[in-house]
Amino acid sequence: MPPKAKITKDMVIDAAFEIARTTGAENINARTVSEKLNCSTQPVMYHFSTIEELKRAVYTKSDCYHTEYLMNFEKPQKGIMLGIGLNYIRFAIKEPHLFRFLFQSGFAVENSLLEMIDSKELEPVISAMQNAIGMSFEQTKEVFLTISMFAHGYASIIANNSLEYDEELVTTHLERAYRGAILAVQEEI
């Protein structure tokens, strides 16, 4: 008789991540994860003493997935800021369950936008933007704040099925917000 397949911690996280992507993080529990893995609930609870702990691990994986998504441009944009802003909105369209989990579930480690912008996870995004616009890191963060608030508004409305996505209109609005944010930061110099 062959030995049973060992269920690893990463396998549990991956299964829970797929549940979060397809049906929402609120559906992550020992039963749904074990069904996805085709095993009993014991391996799930062996690796995670609570479902809250598992959801935190899935949140971390989702956050990394989101950052990679932001930096992978579907088509060339007029600038990296616009590309990241559009990808943020596209993520809400393509991955509405993950978007709501990341930004509307209360699982974020940061309690405020200022804490979020200073997080280690956001440094690659801010650095890429800084290289593209030629401003200081602090100035780039100010521009990012404006664009992120604008993009988040669009993304939230779209992820919650309250607005149909019109890429041309959104692109125009993001370009205006981007230009305005840069001008505002430059005026402060």
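These legends go with views of a predicted model of one protein chain.

**View 1. The whole chain is built from helices and has no strands.** Count along the protein chain and you get 10 helices and zero strands. Starting at the N terminus, the order of elements reads α-α-α-α-α-α-α-α-α-α. Along the principal axes, the C-alpha atoms take up a box of roughly 70 × 35 × 30 Å.

**View 2. Helix α1 covers residues 9-23.** With 15 residues at 1.5 Å each, α1 should span 21 Å, because the expected span is 1.5 Å times one less than the number of residues. The C-alpha atoms at its ends sit 21 Å apart, so the two values agree. Right after α1 comes glycine 24, with a positive phi near 110 degrees.

**View 3. The buried side of the story for α1 is a set of named residues.** Val12, Ile13, Ala15, Ala16, Phe17, Ile19 and Ala20 are the buried residues of this helix. What do they pack against? Their partners are α2 (30-37), α3 (42-47), α4 (51-70) and α6 (96-104).

**View 4. Burial and contacts across the protein chain.** Of the 189 residues, 43% are buried. Take the contacts between residues at least 6 apart in sequence: 62% of them join residues at least 24 apart.

**View 5. Surface and charge of the protein chain.** Its accessible surface is about 10,600 Å², and carbon and sulfur atoms account for 54% of that. As for charge, there are 18 positive and 25 negative side chains. The centres of these two sets are 7 Å apart.

Note on methods
Residues numbered from 1 in each chain as written. Predicted model: local features only at pLDDT ≥ 70, side-chain atom pairs only at ≥ 80, totals over all residues. Heavy atoms only, no water. Helix = DSSP H or I, 4+ residues; strand = E, 2+ residues; numbered from the N terminus. Buried < 20%, exposed > 50% of the residue type's maximum accessible area, 1.4 Å probe, protein only. Contact = heavy atoms within 4.5 Å. Areas by Shrake-Rupley, 256 points an atom, 1.4 Å probe, with all protein chains shown as cover. Lys, Arg positive; Asp, Glu negative; His and termini not counted. Charge placed at Lys NZ, Arg CZ, Asp CG, Glu CD.
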